[in-house]
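User: Please take a close look at one part of this model, the packing of its helices, and then follow that part outward to the neighbouring elements and the nucleic acid. A single connected account would be preferred.

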Amino acid sequence: MAETGEEEKVSAEASGFSDLSDSEFLDLEDAQGSDALLSKPGPSSELSGNDGKPLSLQKRKRGLDISSPLERFHFKYLCVTDLSAQNWCEQQMVYGKELPDFLAPEKAAVLDTGASIHLARELEVHDLVTVPITTTEDAWAIKFLNILSMIPTLQSEGCIREFPVFGEVEGVLLVGVIDELHYTVKGELELAELKTRRRPTLPLEGQKKKDCFQVSLYKFIFDAMVQGKVTPASLIHHTKLCPEKPLGPSVLTHAQQGGIFVKCLGDLMELVFLALTLSDLPVIDILKIEYIHQETATVLGTEIIAFEEKEMRDRVRHYLAYWMGHREPQGVDVEEAWKCRTCNYTDICEWRKGSWVLSNTLEPRAKKNK
DNA sequence: ATTGCTAAAGGG
């Protein structure tokens with residue numbers, strides 16, 4: 001690596017994250033606090049119908065019954081790709097969350113290949129180092145340190161990859177990673193999303209729509225970040241992070257190696273906020289998606305997306321309405337039933353059953369559509 | 001490909 005080009009990206013080790021779920025985590029001093037949060041309040045079990053009123057009504061009064069999917073899954077935030085999965089098929093996304101290891105066999109290879117190609121490209125612009133961590137605060141700290149190192153790189157060298165984004169949208173925290181950001185020869189900030197494909201074919205409309213939504217959402221969140229609309233307070237509120245908790249020694253070491261001297265997450269968040277808002281970062285000018293063939297790396301197609309904020313926001317609102325429990329999940333429309341062909345949940349899909357019954361009972365009589 | 005009281009993205 002060239003001297004000026006030598007970039008070091010700090011990345012949290014997978015095993016570090018898995019430590020979080022170990023018993024070790026519960027053995028910490030905070031354990032009592034966490035247990036208290038996790039255990040259900042006593043009255044909930046006693047509610048089981050003792051007077052004449054419907055159970056749901058009783059619970060409703062105490063606000064116990066109405067747990068939104070967000071709460072039921074215990075999600076503090078959603079990934080951008082969760083929402084773009086909803087764009088593909090919301091019902092499928094929900095099954096994916098409910099039945100995690102229901103997933104497929106040979107699809108894995110395609111995903112794996114895609115991931116490898118992305119990793120190889122990431123390594124073109126910076127090295128990866130592993131930082132062992134034990135807490136959620138540490139995990140976020142690594143993300144923030146990465147941002148702090150990437151902003152100056154973008155401004156001086158013009159290209160960064162895997163840039164973390166996050167921000168509250170419609171009251172929900174969304175988290176994602178932008179594939180690539182770079183300045184064009186004209187000096188415009190361009191987001192470039194790479195999509196690798198198993199077969200050397202152009203994506204269908206449904207695929208394009210989903211990818212288009214994904215990058216639009218990235219821009220929306222990124223723009224909000226550089227405009228100072230994403231505050232440390234909002235992040236802390238959603239993630240329930242403790243800003244004063246001291247960071248782990250390995251994280252502190254890596255911060256210092258990068259010239260960052262902080263003691264806790266709160267300090268780091270303030271630095272990130274300042275870096276984002278005071279580095280003359282523009283909003284994203286161009287959204288580009290490139291489809292390439294996995295095997296040959298042939299460019300299959302390039303899309304320049306027109307950012308339509310209102311449409312995107314309406315869509316986000318619609319998707320989040322499911323997560324907040326304002327509506328039931330939906331499957332695909334009849335014209336997109338071809339998506340079911342590659343879905344693992346077709347056999348159990350309630351949405352499909354519903355529409356099959358409908359079309360079966362209505363179609364034979366009236367030849368018209370429904 | 002799972003994995004998760006959270007790594008997000010990975011492709012169709």
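Analyst: In this predicted model, helix H10 and helix H14 (residues 309-323) pack with their axes 10 Å apart, at an angle of about 100°. An angle from 65 to 115 degrees counts as roughly perpendicular, so H10 is roughly perpendicular to H14. On the H10 side, the contact is formed by Lys209, Phe213, Ser216, Leu217 and Phe220. These residues meet Glu309, Met312, Arg313, Arg315, Val316 and Tyr319 of H14. By class, the contact of H10 with H14 comprises six nonpolar, one polar and four charged residues.

H14 also packs against helix H7. The axes of H7 and H14 cross at roughly 10° and come within 11 Å; the two helices are therefore roughly parallel to each other. H7 contributes Leu83, Gln86, Asn87, Glu90, Met93, Val94 and Lys97, while H14 contributes Arg315, Val316, Tyr319, Leu320, Tyr322 and Trp323. This contact of H7 with H14 divides into eight nonpolar, two polar and three charged residues. Arg315, Val316 and Tyr319 of H14 take part in the contact with H10 and also in that with H7.

The account now turns to the nucleic acid. DNA strand B is surrounded by 41 residues, the closest being Lys76, Tyr77, Ala108, Thr196 and Tyr218. Of the atoms of DNA strand B that come within 4 Å of the protein, sugar and phosphate account for 57%. At the backbone of the strand, a phosphate oxygen is 2.7 Å from a polar backbone atom of valine 177. Two side chains approach bases: an N or O atom of glutamine 207 is 3.4 Å from a base nitrogen, and a polar atom of lysine 210 lies 3.2 Å from a base oxygen. Among the elements that give two or more residues to this surface are helix H7 (80-98), helix H8 (107-125), strand S5 (172-183) and helix H10 (205-226). H8 supplies the largest share, six residues. The residues near DNA strand B divide into 18 nonpolar, twelve polar and eleven charged.

Ahead of H14 in the sequence there is a hairpin. Strand S7 (residues 286-293) and strand S8 (residues 299-305) run antiparallel and are joined by six bridges. Glutamate 290 has threonine 302 of S8 as its bridge partner. Five residues lie between the two strands, and alanine 297 in this hairpin takes a positive phi near 65°.

Technical notes: Residues are numbered from 1 along each chain as its sequence is written. Chains are lettered from A and ligands numbered from 1 in the order in which they are written. This is a predicted model: local features need pLDDT of at least 70, side-chain atom pairs count only at pLDDT 80 or more; totals for chains, interfaces and linings use all residues. Side-chain values use heavy atoms; hydrogens and water are left out. Two strands pair if DSSP finds at least two bridges between them. Helices (H or I, at least four residues) and strands (E, at least two) are DSSP runs, numbered from the N terminus. A residue is near a molecule or strand if one of its heavy atoms lies within 4 Å of it. A polar contact is a pair of N or O atoms within 3.5 Å; within protein, one must be able to donate a hydrogen and the other to accept it, and residues adjacent in sequence count only if both atoms are side-chain atoms. Ala, Val, Leu, Ile, Met, Phe, Trp, Tyr, Cys and Pro count as nonpolar, Asp, Glu, Lys and Arg as charged, and the others, Gly among them, as polar. Axes are lines fitted to C-alpha atoms, for helices over the stretch in contact, and angles run from 0 to 180 degrees between N-to-C directions. Angles under 35 degrees count as roughly parallel, over 145 as roughly antiparallel, 65 to 115 as roughly perpendicular and the rest as oblique. Contact means heavy atoms within 4.5 Å.
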